Amino acid sequence: QVQLVESGGGLVQAGGSLRLSCTASKILFTINAMGWGRQAPGKQRELVATITSDGITNYEDSGKGRFTISRDNAKNTVYLQMNGLKPEDTAVYYCYADITMNIPLRHWGQGTQVTVSS
């Protein structure tokens, strides 16, 4: 239904910044919300931020005040600007796109590694 490709991950020192990008392609249905989740080794995947097609944003407490989600609908791309990174932010970051047919479906990308050193 959709292909999602993330980019922008890498290794940064604590306090540094990264901007993640995720572009959707091969879209068969209209994308509603897009967002980001992350999964650290040995941990469950957790949501980080979401943004609706109208630009309404929501953040989980983990990134609130440090992370900013945005999207470019013309490019079918969602971004996650991460500032003030902490070692506990280390995880694989996945983007998702919500597509509604008869039921809502959430599609995830393959992820991009973010590593924050002390």
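**Exercise 1. Identify the residues of the nonpolar surface patch and place Phe29 within the fold.**

Leu28, Phe29 and Met101 together make up a nonpolar patch on the surface, with about 270 Å² of accessible area. Patches consist of residues with over 30% relative accessible area and no salt bridge, like charges being joined within 9 Å and nonpolar side chains (Val, Leu, Ile, Met, Phe, Trp, Tyr) within 5 Å; a salt bridge is a side-chain nitrogen of Lys or Arg within 4 Å of a carboxyl oxygen of Asp or Glu. Accessible areas come from the Shrake-Rupley method with a 1.4 Å probe, and for residues only the protein chains shown count as cover. The model is predicted, with local features needing pLDDT of at least 70 and side-chain atom pairs pLDDT 80 or more, while totals for chains, interfaces and linings use all residues. Residues are numbered from 1 along each chain as its sequence is written, and side-chain values use heavy atoms, leaving out hydrogens and water.

Next, locate Phe29: this residue sits in the loop between β3 (18-25) and β4 (31-39), where strands (E, at least two residues) and helices (H or I, at least four) are DSSP runs numbered from the N terminus. With a relative accessible area of 32%, Phe29 is partly exposed, a class between buried (under 20%) and exposed (over 50%), for a 1.4 Å probe and protein chains only.

**Exercise 2. Find the disulfide and state which strands it connects.**

The sulfur atoms of Cys22 and Cys95 are 1.8 Å apart and form a disulfide, the criterion being a pair of cysteine sulfur atoms within 2.5 Å. Cys22 belongs to strand β3 and Cys95 to strand β9 (residues 91-100), so the pair ties together parts that are 73 residues apart in sequence. Both Cys22 and Cys95 are buried.

**Exercise 3. Describe the two faces of strand β11 and its pairing with β2 and β9.**

Begin with the side chains of β11 (residues 112-117): Thr112, Val114 and Val116 point to one face and are buried, whereas Gln113, Thr115 and Ser117 point to the other and are not. Then consider the pairing, which requires that DSSP find at least two bridges between two strands. Strand β2 (residues 10-13) pairs with β11 in the parallel sense over four bridges, and Leu11 stands opposite Thr115. By contrast, β9 and β11 pair in the antiparallel sense over three bridges, with Val114 as the bridge partner of Ala91.
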